[in-house]
Amino acid sequence: MAHADTPPGATPHGEAQYHTDLHGKLDYNAYLQIDALLNCQKPLSSPVHHDELLFIIQHQTTELWFKLIVHELREALSLVARDSLEASFKILARVKHIQAQLLNQWSVLATLTPSEYVQFRHVLGPASGLQSHQHRLVEFLLGRKDEKMLALFKHRPEVYASLEEALNNPSLYDAFLRHLARRGMPIPAEVLDRNLRTPHVTNPGVTAVLRSVYEAPEDHWDAYEMAEKLVDIDEQYALWKYRHMKVVERIIGFKRGTGGTAGVAYLRDRVDDRLFPELWDVRTEIREVRPPA
């Protein structure tokens, strides 16, 4: 029996009635294309090895997060180029949290043992995460430019063009340094005019500018906050690379990578790469502030 105070069309305790007549209407499955999404996992082992599905989903979810990072970084780049630093802060915070998800999901793949992986690794052929164009795009947008990587995508003209565009245009860090220059800060001309197809390298003049920001944050609050947002992203990326390297070592040891790399040795060489080097160097340069005697 319904409660006396239950209004028509509602269930007790204020619970709304479910929509059950969904014929011809947009439902959850259609909006999110769930059927297509769940049909994207195509194990190649025969008979199908139980753990191949884990391997596929791990990498597919990574690609979905990469897609969102690219989406967010492009918007952040546009905002910084328009001198709207503060508007980019939420976006960059979101990127950091996406990176945290990517970092944490390595623990799922780490449950794949060497004995399990060797039973289906051969089906990958030359396929490798090295060939993730979205990962390369994330790196290019963040400033880790490597023209040699373009060769991996010659067989995919649209992807090649997208990567070359990112290679030829300012990275997020380039955009930030140009913003500081527009504010009258003495960013060296060789930094502003450098070949954008190459990675940014440490410049003491940039470190000096950043030191002026860090030593007087109250005068440069938005630039100070932007610098810390970039350090968050750089640190998360370094942690992700380290975790990647350790999970690969745990699963395949020092075998060569399927894409032709040296495997763990290749990944280890990249762990200490810094996307925004002066933002790390400046920490050593900041002068101590002592109270008056």
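## An all-helix chain, from the loops inward

At 39% relative accessibility, Asp83 counts as partly exposed. I start there for a reason you will hear in a minute. First, a caution: this is a predicted model.

So where is Asp83? Look at the loop between H3 and H4. Now check the backbone there. Phi of Asp83 is near 65 degrees. That is a positive value, and Asp83 is not a glycine.

Which other residue has a positive phi of about 55 degrees? Gln33 does, and Gln33 is not a glycine either. Find Gln33 in the loop between helix H1, residues 28–32, and H2.

Now the whole chain. How many helices and how many strands are there? The count is 14 helices and 0 strands. Read from the N terminus on, every element in the run is α. The radius of gyration is 24 Å, while the globule rule gives 19 Å for 293 residues, so the chain is more spread out than a compact globule.

A few more overall numbers. Along the principal axes, the C-alpha atoms fill a box of roughly 80 × 65 × 45 Å. Of the 293 residues, 40% count as buried. The accessible surface comes to about 17,100 Å². Carbon and sulfur atoms own 56% of that surface.

Charges next. The chain has 34 positive and 39 negative side chains. The centres of these two sets lie 5 Å apart.

And contacts. Take those between residues at least 6 apart in sequence. Of these, 70% join residues at least 24 apart. Keep that in mind for the examples that follow.

Let's go to helix H4. H4 covers residues 85–104. At 1.5 Å a residue, its 20 residues should span 28 Å; the end C-alpha atoms are 29 Å apart, which agrees.

Which residues of H4 are buried? They are Leu85, Ser88, Phe89, Ile91, Leu92, Val95, Ile98, Gln99, Leu102 and Leu103. What covers them? The cover includes helix H3 (52–81), helix H5 (106–109), helix H9 (172–182) and helix H12 (221–252).

Pick one residue from that list: Leu92, in helix H4. Is Leu92 buried or exposed? Its relative accessibility is 0%, so Leu92 counts as buried. Leave out residues up to four places away in sequence, and Leu92 touches Leu73, Ala76, Leu172, Met226, Lys229 and Ile233. Take Met226 from that set. Leu92 and Met226 are 134 residues apart in sequence. In space, their C-alpha atoms are 8.8 Å apart.

Now over to helix H7, residues 133–142, and Gln134. Why does Gln134 count as buried? Because its relative accessibility is 14%, and the cut-off for buried is under 20%. Beyond its neighbours within four places in sequence, Gln134 is in contact with Glu63, Phe66, Lys67 and Val70.

Follow one of those partners, Lys67, which lies in helix H3. Lys67 has 55% relative accessibility, so it counts as exposed. Lys67 and Ile233 are 166 residues apart in sequence, and their C-alpha atoms are 16 Å apart in space.

Back to the loops. The one between helix H2, residues 34–38, and H3 holds Ser45. Is Ser45 buried or exposed? With 7% relative accessibility, Ser45 counts as buried. Its contacts, apart from neighbours within four places in sequence, are Glu52, Phe120 and Val123. Compare its separation from His122: 77 residues in sequence, and 8.6 Å in space, C-alpha to C-alpha.

Stay in that loop. Pro47 has its place between H2 and H3 as well. What is the peptide bond from Ser46 to Pro47? It is cis, with omega near -5 degrees.

One last loop. Asn195 is found between helix H10 (189–192) and helix H11 (204–215). At a relative accessible area of 45%, Asn195 is partly exposed. Asn195 and Pro170 are 25 residues apart along the chain. Their C-alpha atoms are separated by 9.7 Å.

To recap: 14 helices, 0 strands. The chain is more spread out than a compact globule. Leu92 is buried in H4 at 0% relative accessibility. And Asp83, where I began, is partly exposed and has a positive phi.

Technical notes: Residues are numbered from 1 along each chain as its sequence is written. Side-chain values use heavy atoms; hydrogens and water are left out. Helices (H or I, at least four residues) and strands (E, at least two) are DSSP runs, numbered from the N terminus. The radius of gyration is taken over C-alpha atoms; the globule rule is 2.2 Å times the number of residues to the power 0.38. Buried means under 20% relative accessible area, exposed over 50%, partly exposed in between (1.4 Å probe, protein chains only). Contact means heavy atoms within 4.5 Å. Accessible areas come from the Shrake-Rupley method with a 1.4 Å probe; for residues, only the protein chains shown count as cover. Lys and Arg count as positive and Asp and Glu as negative; His and the chain ends are not counted. The place of a charge is taken as NZ of Lys, CZ of Arg, CG of Asp or CD of Glu. The expected span of a helix is 1.5 Å times one less than its number of residues.
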